[in-house]
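Let's take a walk through this model together, starting with one helix and working outwards from there. Keep the viewer open as you read.

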Amino acid sequence: MDNMIKVEILSRELVKPSNPTPSHLKDYKLCFLDQFIPETHGGITFFYSSNSHFLKSDQNDNKNYCRILKKSLSDTLTDFYPIAGRFKDTSTIDCNDNGACVVEAKINSNLTDFLTRVNQTKDIHTLLGKLIPTLDSKTMELASKCMLIAQITVFNCGGVSISFCLEHRFCDFSSVMVFLNSWSARSRGGDGKIVLPDFVGSDFLPPQDMPPLPPYHNNNPFENRNTTRLVFEPAKISDLKSRYFTEISVQNKKISRVEVVLALILKSAISATRSSSSISKSEGADLTKSLLFQAVNLRKRTEPPLPENAMGNLFWLLPVMIKEEEKKNIEFHEIINEMRRETTSFLDETVRKIKGDEEGIGLVFKSAKEKKEIMESVGDVDTYFCSSWCRFPIYEMDFGWGNPVWVSSGFVSSLNLIVMEDTKCGEGIQVWVSLDPKVMAIFERDHELLSFASLNPTIMA
């Protein structure tokens, strides 16, 4: 069914800053934390209905519609000048104004029909991948070195999707939102405050002399992972908190909705991994291990706090080791308590040490070494990565035609990955989970999980 949906590329263009980057800004120094991120594009896709005033007045003039986006991008790149540059070495971006890649496309489907198929297919990311420019080989021939690759896809009905793929080595999701807020304000005609970036990362943690990371090869990310979408409605999240509250020892601290949802997903994933394993453990082995790496935004937590609009990978991958007794299943409250213990320890003891002095630099190196050692022992440890986009105003991203009707993570991962986003109401959570296909088959049938979450529910356009 999905192969009947065709995307036709109308143009590919490099958009350059409207004003040249001054010579004294030509070399942009990365933050030390950036240097541990491989060169790969992360992404997010916004869907807009044709019901807005903007599209109603211009839906027969898509060239004008794209022209506005490109002009506002050109102006935005003047402020976010590294995004128009190219990597020079392991610690530097050459801000040469070579530009960002913008793809114009059209699709032989109405928006509502497309989103209905998203609900009906088991291979969600293959369908959504038709809208993501980094999965198109011809686009990547032109744009492989670009920091930003965006695709504007117009549906038959006049609805639109916009996929933004930004180089992860330059920025984290918080930085992406700073950039998109600035671009969208200009696209609306400057009716809101133009957001400006703070390039303070290299002052906070200066880059270090270190060898380049090995290239990131993920030519077929669908090959060894399946991705599913879960939605937790606000009432179900409240039920989840209430059901397990008495079992959670967190010193009277409030448990967040992200914590309870993540704990339930981990519990189900760990249980599914156990069930799918055909390897019998020796009788002497009474413990198995699972490891969660959870991204923690550093901006408000450092001393002094970093600016809200600070650009860079200003997050910490917090490791949470979950030990499971072989004789019983892991309990929900054990996961919550371990997550909270590690978070509390990090906030109380570690985060203030992360700074650009000798101790801070040493701490980052030590953390990277420990992560590498753990990753090299993946045969003994099941590893999961989590990134939460909750509380970021993704449903307020208005480029001039109203708020999006739906937002989707553009992640295509070969890892065990959990990406969490707010639902449109702002209180529910949409979760994208990538797991081994055999594990996913069991995970999606977990009765406890499905009593709180809906599996790929209807998307309203």
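A good place to begin is helix α6, where 13 of the 15 residues are buried, so this helix is largely enclosed by the rest of the structure. Buried here means under 20% relative accessible area, while exposed means over 50% and partly exposed lies in between, with a 1.4 Å probe and protein chains only. Helices (H or I, at least four residues) and strands (E, at least two) are DSSP runs, numbered from the N terminus. From its first C-alpha to its last, α6 reaches 21 Å, close to the 21 Å expected at 1.5 Å a residue; the expected span is 1.5 Å times one less than the number of residues. Just after α6, G189 takes a positive phi of about 100°.

Before going on, a word on the ground rules. This is a predicted model, in which local features need pLDDT of at least 70 and side-chain atom pairs count only at pLDDT 80 or more, whereas totals for chains, interfaces and linings use all residues. Residues are numbered from 1 along each chain as its sequence is written, and side-chain values use heavy atoms, with hydrogens and water left out.

Now for the wider view. The chain has 13 helices and 16 strands, and 52% of its 461 residues count as buried. Its accessible surface comes to about 21,000 Å², with 49% of that belonging to carbon and sulfur atoms; the areas come from the Shrake-Rupley method with a 1.4 Å probe, and for residues only the protein chains shown count as cover. Contact means heavy atoms within 4.5 Å. Among contacts between residues at least 6 apart in sequence, 79% join residues at least 24 apart.

What lies at the centre of the packing story? The largest nonpolar core has 68 residues, and those with the most contacts inside it are F47, F114, F179, W183 and W406. Such a core is a set of buried Ala, Val, Leu, Ile, Met, Phe, Trp, Tyr and Cys residues joined through side-chain atoms within 4.5 Å. Our starting helix returns here: α6 (residues 173-187) gives this core its largest share, seven residues. The core also draws at least three residues from each of domain 1 (7-204) and domain 2 (226-455), with bounds that come from an automatic or database domain assignment. Apart from it lies another core, of 40 residues, among them I335, M339, M420 and M440.

To see the packing up close, select F47. Leaving out residues up to four places away in sequence, F47 touches partners including L111, F114, L128, L131, P404 and W406. One of these, L131, sits in the loop between α4 (124-128) and α5 (137-143), and at 0% relative accessibility L131 counts as buried. Beyond its neighbours within four places in sequence, L131 is in contact with V7, F47, I107, F114, Q151, T153, S161 and S163. L131 and A150 are 19 residues apart in sequence and 9.7 Å apart in space, C-alpha to C-alpha.

Helix α11 (residues 358-375) has two sides to look at. It has 18 residues and reaches 26 Å from first C-alpha to last, close to the 26 Å expected. In α11, G360, I361 and V364 are buried. They cover an arc of only 105° around the axis, which puts them on the same side of α11; the arc is that of the directions from the helix axis to the C-beta atoms. An α-helix has 3.6 residues a turn, so residues three or four places apart point the same way. On the other side of α11, E358, K366 and K369 are exposed.

For a strand, try D27 in β2 (residues 27-29). D27 is partly exposed, with a relative accessible area of 43%, and it touches K88, T92 and I93, not counting residues up to four places away in sequence. D27 and D94 are 67 residues apart in sequence but 5.2 Å apart in space, C-alpha to C-alpha.

A few backbone details round off the tour. D97, in the loop between β5 (92-94) and β6 (100-107), has a phi near 60°, a positive value in a residue other than glycine. At 12% relative accessibility, D97 counts as buried. N456 also has a positive phi, of about 50°, although it is not a glycine; N456 lies in the segment after β16 (454-455). Finally, a cis peptide bond joins E303 and P304, with omega about -5°, and P304 is found in the loop between β10 (287-297) and β11 (315-325).
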